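Welcome! Please take a look at the sequence and the 3D view, and then walk through them with this short report.

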Amino acid sequence: MPACKQMRGFMSTPQTRQQWQQLAAQLQICGQAFIHGEYCAAVSGETFDCISPVDGNKLAAVASCDLADAEAAVASARASFESGVWSRMAPVERKKVMIRFADLLEAHSDELALLETLDMGKPIRFSKSVDVTNAARALRWSGEAVDKIYDEIAPTADNEIGMITREPVGVVAAIVPWNFPLLMACWKLGPALASGNSVILKPSEKSPLTAIRMAAIALEAGIPPGVLNVLPGFGHTVGKALALHMDVDTLVFTGSTKIAKQLMVYAGQSNMKRVWLEAGGKSPHIVFNDCPDLKAAAQAAASAIAFNQGEVCTAGSRLLVESGVKEQLIALIIDELKSWQPGHPLDPDTVSGAVVDQQQLQTILGYIEAGKQQGAVLACGGEQLMAETGGVYVAPTLFREVNNQMSIAREEIFGPVLSVIEFEGMEQAIAIGNDSIYGLAAGVWTSDLSKAHRTAKALRSGMVWINHYDGGDMTAPFGGYKQSGNGRDKSLHAFDKYTEIKATWIAI
Ligand code: NAD
Ligand code: MN
């Protein structure tokens, strides 16, 4: 495989699907690993095909990294960390590089957005306005924070000094999913790099392209060789190698609960590396009879299941509706879902694109079949669409008369399939809301201030949104209770994952 050439930023942002397709045709897509500041093939020479869910075309042959590549990347990360070139750089200097990194990401936003859309199918408008924009914001926010975080002095006796300082943990492996590939990576990279660590990023085999491209942008911004390595790989091979590695200090993960649990086992089997997990969800979106604005609730409910084709960890996939507003709300949501019909992802007007691949399509269709068999009533959607394109598209789907024991209410589908469950009163809403192995997010619609607070407090979830859905920015932590994980991305709390606390006690 020849070394990847660098592509410069595009001249101007395309305005039409045709212009985006022209750019896509010119794109030079790199599928190589990035180790110690250079693109390289996997040691084995193996590759796997990266297939676009937009139309079924092959985008690139991607390096299939395994154990040998993990060894090389960890050695590079360790060497760069020990050298101090980044880890001992003054925070104010690291800040400048992080901000430059964010600026360069934005300067390449058309190219990165296009790669994201081609690779995992999301609409180009959101790849740009949500994924790349917020990825850059995460890097910038974390960079700006790092010279404003102070350490502590303990309240000692007069003849001693107790210093409580934070130090970078060392070598961090970050394993990320395919639903927001660049954004989930940058939620980790922001605080991980800003605190002085060296990182190995392992993107999903379903969406490796933006992580690979970003590596060169980081280098250009001034992140030294070895401080950010990127290892694409097929299946579990390279991720498992990193998780079992004796010289990885911390493992941060976003992905499914099943793999998250496996990573804890790997840590226990190896060096007890710290493991921070952001995992799945089955979030309850609760609408009480005294909802202040049923139309707004319907819009939020539709977008909470249809945005990003439902491939969102915080998807409001269980709509809990109180009996008095049930019929009206369901009718409004079905109407709203009409505006979420899938279209060509490179059309700037499209709001719903392709699901990530054929395998995910089969998973979604399997759940739809199970819903029907278990007695839920299919009220809209339920089928694959646009198959003639060669791409992978699903209609936004709503099941009513769902009970919380059905598999469509218990398991994370990761597709645009909404389960509507009826309830009566606050106690029952809370009980059903909490009857899940997950505890990531929840929404509550009510005009009663006390009911809003009492429900929010009683819900066992890391995030609660009142009278809207999916709020928050870099200033608030993001993460879950129970089997939705243990860590938090975003906000200053995220820095806890990337630093060790040291107590230095001095007799004076
Ligand atoms: P996944 O668990 O299948 O894969 C996640 C990552 O782990 C991928 O990079 C994958 O290659 C890697 N991996 C797979 N097996 C591995 C192994 N044995 N050892 C090491 N690494 C391994 O998840 P996914 O399908 O990519 O992503 C969807 C999931 O991510 C959903 O469950 C979703 O809820 C979750 N998610 C959570 C958050 C959050 O912040 N809580 C955000 C986004 C997505
Ligand atoms: Mn892909």
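## A serine in a loop

Where does Ser64 lie? You will find Ser64 in the loop that links strand E4 (58-63) with helix H2 (67-83). Keep in mind as you look that this is a predicted model.

Is Ser64 buried or exposed? Its relative accessible area is 15%, and the cut-off for buried is under 20%, so Ser64 counts as buried. Its surroundings come from several parts of the chain: not counting residues up to four places away in sequence, Ser64 touches Ala42, Ser44, Glu46, Thr47 and Phe48. The list of contacts also includes Asp69, Pro232, Gly233 and Phe234.

## Two nonpolar cores

Now turn to the inside of the model. The largest nonpolar core holds 102 residues, and Phe101, Leu105, Leu201 and Ile223 have the most contacts inside it. Which helix gives the most to this core? That is helix H6 (residues 181-194), with ten residues. There is also a second, separate core of 28 residues, and among them are Ala63, Val238, Leu251 and Val275.

Leu105 makes a good place to zoom in. Leaving aside neighbours within four places in sequence, Leu105 is in contact with Leu112, Val132, Ala135, Ala136 and Leu139. Cys186, Met214 and Ile217 are also in contact with Leu105.

## The seven-stranded sheet

Next, follow the strands. Seven of them form an open sheet with mixed pairing, in the order E14-E17-E18-E13-E12-E20-E21. Strand E14 (377-380) and strand E21 (463-466) are the edges, and each pairs on one side only. From one strand to the next, the twist averages 25°.

Inside this sheet, strand E12 (residues 284-287) pairs with strand E20 (residues 441-445) in the parallel sense, over three bridges. Here Val287 stands opposite Trp445 in E20. E20 also pairs with E21, again in the parallel sense, over four bridges, and Ala441 stands opposite Met463 in E21. Helix H11 (residues 326-337) lies across E12, strand E13 (318-322), E14, strand E17 (397-400) and strand E18 (417-423). H11 runs at about 165° to E17.

Which side chains of E21 are buried? Met463 and Trp465 point to one face and are buried, while Val464 and Ile466 point to the other face and are not. There is a simple rule to remember here: in a regular strand, side chains alternate between the two faces of the sheet.

## The three-stranded sheet

Another open sheet has three strands in the order E5-E6-E23, with antiparallel pairing. Its edge strands are E5 and E23, each pairing on one side only. Strand E5 (residues 152-153) and strand E6 (residues 160-168) pair over two bridges, and Ile153 has Met163 in E6 as its bridge partner. E5 and E6 form a hairpin, with six residues between them.

How many bridges join E6 to strand E23 (residues 499-507)? There are nine, in the antiparallel sense. You can trace two of the pairs yourself: Gly162 has Trp505 in E23 as its bridge partner, and Glu167 has Glu500.

## Around ligand 1

Let us visit the ligand. Ligand 1 is surrounded by 29 residues, and the closest are Val176, Lys202, Glu205, Ser256 and Glu412.

Some polar atoms of the protein can be picked out beside ligand 1. A polar side-chain atom of Glu412 lies 2.5 Å from an oxygen atom of ligand 1. In the side chain of Trp178, an N or O atom is 2.8 Å from a ligand 1 oxygen atom. Gly255 uses its backbone instead: an N or O atom there lies 3.3 Å from an oxygen atom of ligand 1.

## A buried isoleucine

One last stop is Ile413, found in the loop between helix H13 (407-410) and E18. Ile413 has 3% relative accessibility, and buried means under 20%, so Ile413 is buried.

How far apart are Ile413 and Gln360 in sequence and in space? They are 53 residues apart in sequence and 9.1 Å apart in space, C-alpha to C-alpha. Gln360 is also one of the contacts of Ile413 when neighbours within four places in sequence are left aside. The others are Lys282, Thr363, Ile364, Tyr367 and Ile408.

Note on methods
Residues numbered from 1 in each chain as written. Chains lettered and ligands numbered in written order. Predicted model: local features only at pLDDT ≥ 70, side-chain atom pairs only at ≥ 80, totals over all residues. Heavy atoms only, no water. Core = buried A, V, L, I, M, F, W, Y, C linked by side-chain atoms within 4.5 Å. Buried < 20%, exposed > 50% of the residue type's maximum accessible area, 1.4 Å probe, protein only. Contact = heavy atoms within 4.5 Å. Pairing = 2+ DSSP bridges. Axes fitted to C-alpha atoms, helices over the stretch in contact; angles between N-to-C directions. Near = heavy atom within 4 Å. Polar contact = N/O pair within 3.5 Å; in protein donor to acceptor, adjacent residues only side chain to side chain.
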